[in-house]
Amino acid sequence: MSTPTNPAPEPDPVVGVDSVLDIHRQLMAELNDASMTADGMPPEDEEPDTIQRLLAVIARENAEPRDGFEPVPFWVACVFGTLLAWGGYYLGTNTADFRKDVFDRSDLRMPEGGSAAANVPDPDPQTLEELMKIGGQKFQAVCASCHQPNGQGKPAENIPPLDGSEWLVGDQASAARQCRIVLYGLSGPVTVKGRTFNGVMPNQGNIMKDYEIAAVLTYARNSWSNAADKGKPPAITAATVRAARAKEGTRKTNGTQPVSAPELQKLPLDYSDSGATPTPEKKDEKKDPPKP
Ligand code: HEC
């Protein structure tokens with residue numbers, strides 16, 4: 001059945017057709033013209049032709065990039081080959097025949113009290129100024145939440161004050177006792193400034209290093225109204241803390257073996273752990289060129 005209003009242009013396959021739009025228009029016209037089959041579809045023999053023409057135009061206008069089998073460029077092959085050869089050579093010369101015992105991780109273990117970076121010794125501050133600086137930072141980070149930045153503690157929560165505490169500056173105060181409080185923690189009743197507290201002071205010995213404990217104690221001994229080390233060399237350095245650890249032997253620093261006030265009181269006030277003051281060798285070490 002032909003439609004006079006839509007005269008079909010001369011079918012001219014692909015050649016001379018410039019755009020999909022053109023071919024579409026052309027096809028529509030053809031379809032309108034074509035005799036339909038009973039089910040309303042164009043006769044079967046027209047289909048391949050129509051679709052092929054459409055595809056041909058689309059393919060020509062938008063040339064799709066294809067997954068290719070282009071040969072690997074020569075220079076890529078060269079670079080890759082060189083790297084591979086170098087890698088093989090490197091493995092061959094550096095792996096000691098892939099023996100599993102050649103690289104022994106236990107060689108990397110830190111010495112006792114060593115720092116994370118291999119072979120870099122911990123700092124060992126000796127002056128009041130240095131200890132106070134490190135100690136101040138540590139105090140704010142570790143102790144202040146309980147004992148408060150102003151050293152007053154929280155009596156309502158069983159946390160005793162440090163400012164004016166006899167355990168830091170009064171008649172219970174000794175370096176050996178203080179080191180043990182911070183190393184192992186303190187539990188059980190303790191009297192501070194006329195009041196008895198019964199809380200749990202957490203152990204720090206498995207968390208803080210010796211010089212840090214020395215610094216934080218020096219800070220507490222010399223802050224607020226406390227002035228235990230005024231005009232003297234600081235009483236507590238890393239060596240003091242180290243000596244207390246050594247004397248306590250296998251006592252655990254993980255909080256399972258805290259000290260108690262009565263136990264501390266068994267240590268005479270003039271008691272000090274042997275080795276608590278820097279040993280001569282240690283002093284010699286300090287004469288090494290000062291660190292920047
Ligand atoms: C979780 C809270 C808490 C933290 C953190 C804490 N303490 Fe304590 N501290 C206590 C309590 C509680 C006591 C009393 C323990 C008792 O009743 O036996 C105490 C007791 C003390 C004492 C002896 C009593 C006194 O008041 O002088 C000293 C010294 C001390 N702490 C120093 C420190 C230092 C230094 C730090 C930081 C390294 C620190 N504490 C961190 C809770 C804490």
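This passage describes the ligand site and the iron coordination in a predicted model.

The iron atom of the ligand is coordinated by two residues of the protein, H147 through its NE2 atom and M201 through its SD atom, at 2.0 to 2.1 Å. Six donor atoms surround the iron atom, and the angles among them run from 85 to 179°, so that the site is octahedral. The coordinating pair joins distant parts of the chain: H147 belongs to helix α4 (residues 128-147), M201 belongs to strand β4 (residues 200-201), and the two are 54 residues apart. With a relative accessible area of 9%, H147 is buried, because it falls under the limit of 20%. M201, by contrast, is partly exposed, with a relative accessible area of 21%.

The ligand occupies the second largest pocket. Elements contributing two or more residues to the shell around the ligand are α4, α5 (175-184), β1 (186-187), β2 (190-192) and β4. Helix α4 supplies the largest share of this shell, namely four residues. In total, the ligand is surrounded by 25 residues, of which the closest are C143, C146, H147, G188 and M201. H147 and M201 are thus both ligands of the iron atom and members of this closest group.

Oxygen atoms of the ligand also lie at short range from N or O atoms of the protein. A backbone N or O atom of P161 is found 2.6 Å from an oxygen atom of the ligand. In S165 the side chain provides the N or O atom, which lies 2.6 Å from a ligand oxygen atom. For G199, a backbone N or O atom is placed 2.7 Å from an oxygen atom of the ligand.

Key:
Residues numbered from 1 in each chain as written. Predicted model: local features only at pLDDT ≥ 70, side-chain atom pairs only at ≥ 80, totals over all residues. Heavy atoms only, no water. Donors = N, O, S within 2.8 Å, 3.2 Å for Na, K, Ca; no water. Tetrahedral: all angles 85-135°; square planar, octahedral: opposite > 155°, others 65-115°. Buried < 20%, exposed > 50% of the residue type's maximum accessible area, 1.4 Å probe, protein only. Near = heavy atom within 4 Å. Polar contact = N/O pair within 3.5 Å; in protein donor to acceptor, adjacent residues only side chain to side chain. 1 Å grid on protein atoms, 1.4 Å probe; cavity = no way out; pocket = protein on both sides within 12 Å on 5 of 7 lines; lining within 4 Å. Sits in = over half its atoms within 2 Å of the grid points.
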